[in-house]
Amino acid sequence: MRGELDDALARMERREALQRRRAEEAAAARAGSPVDEVIEAVQRVVAEHRALAVTMWVADGPNISAMHVAWMDGTVTVRPAAEPALPTAGQPPHSWPMSVKTVPSWAAPEDPPAPDAAARLADLIRRDPSLLGPDDHQP
């Protein structure tokens, strides 16, 4: 069992080293870009707040970088972030900028919601606990 734990820890260490190497390569490719300036500014803020971690998309023209800035092993690190639903380059997210005259996109339901099924089941069991007993209809 100890060997499995050691193997898992070794895999995690290799994965983190690979992520750090990818982040360093990405940083070298962007050297001197506005993206670096944004990342450095975020790093300074994260360095002042140990509980803070930031995942962000930074767009520089058609190039979009997804980065994660957080404390790791006592230092602030930058690594590539997972890119779920990456926005299209050059286009703001659909919710930005918001209009000054915003209205909710949903309306309150006209009818009250139906009673919760779990609450109904709990009430039935309270009234007749034998419902939880063995099933005599099974062969």
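These are my notebook entries on a predicted model, taken from the whole chain down to single residues.

**Overall layout**

I started with the element count: the protein has three helices and three strands. Going along the sequence, I read the pattern as α-α-β-β-β-α. Then I checked burial, and buried residues come to 14% of the 139 residues. For the accessible surface I got about 11,500 Å², with 57% of that belonging to carbon and sulfur atoms. I also looked at contacts with a separation of 6 or more, and 38% of them are between residues 24 or more positions apart.

**The sheet**

Next I looked up the strand order. The three strands make an open sheet, β1-β2-β3, with antiparallel pairing. β1 (54-60) and β3 are the edge strands with a single partner each, so each has one side without a neighbour in the sheet. On average, neighbouring strands here are turned by 30° against each other, direction ignored.

I went through the pairs one at a time. β1 and β2 run antiparallel and are joined by seven bridges. I noted one register point for this pair: Val54 has Val69 in β2 as its bridge partner. The connection is a hairpin with two residues between the strands, and Gly61 in the turn shows a positive phi of about 70°.

On the other side, β2 (residues 63-72) pairs with β3 over six bridges, again in the antiparallel sense. Here I noted Ala70, which stands opposite Thr77 in β3.

**Helix α2 against the sheet**

What does α2 pack on? I found it on the sheet, touching β1, β2 and β3, and its direction makes about 160° with that of β1.

I then checked the helix itself. α2 covers residues 34-48, which is 15 residues, and spans 22 Å from first C-alpha to last, close to the 21 Å expected. Its buried residues are Val35, Asp36, Ile39, Val42 and Val46. They sit on the same side of α2, because they cover an arc of only 130° around the axis. That fits the textbook picture: an α-helix has 3.6 residues a turn, so residues three or four places apart point the same way. I made a note of Asp36, since it is on the buried list together with Val35 and Ile39. Turned away from the buried side, the other face of α2 carries exposed Glu37, Arg44 and Glu48.

**Thr77**

I came back to Thr77, which lies in β3 (residues 75-80). Is Thr77 buried or exposed? Its relative accessibility is 16%, and buried means under 20%, so Thr77 counts as buried. Leaving out residues up to four places away in sequence, Thr77 touches His68, Val69, Ala70 and Met72. Two of these names were already in my notes: Ala70 as the residue opposite Thr77, and Val69 as the bridge partner of Val54.

**Asp73**

Last, I checked the backbone at Asp73, in the loop between β2 and β3. Asp73 has a positive phi of about 55° although it is not a glycine. I flagged it because most residues other than glycine have a negative phi. Which side of the exposure cut-offs does Asp73 fall on? At 68% relative accessibility, with exposed meaning over 50%, Asp73 counts as exposed.

Notes:
Residues are numbered from 1 along each chain as its sequence is written. This is a predicted model: local features need pLDDT of at least 70, side-chain atom pairs count only at pLDDT 80 or more; totals for chains, interfaces and linings use all residues. Side-chain values use heavy atoms; hydrogens and water are left out. Helices (H or I, at least four residues) and strands (E, at least two) are DSSP runs, numbered from the N terminus. The expected span of a helix is 1.5 Å times one less than its number of residues. Buried means under 20% relative accessible area, exposed over 50%, partly exposed in between (1.4 Å probe, protein chains only). The arc is that of the directions from the helix axis to the C-beta atoms. Contact means heavy atoms within 4.5 Å. Two strands pair if DSSP finds at least two bridges between them. Axes are lines fitted to C-alpha atoms, for helices over the stretch in contact, and angles run from 0 to 180 degrees between N-to-C directions. Accessible areas come from the Shrake-Rupley method with a 1.4 Å probe; for residues, only the protein chains shown count as cover.
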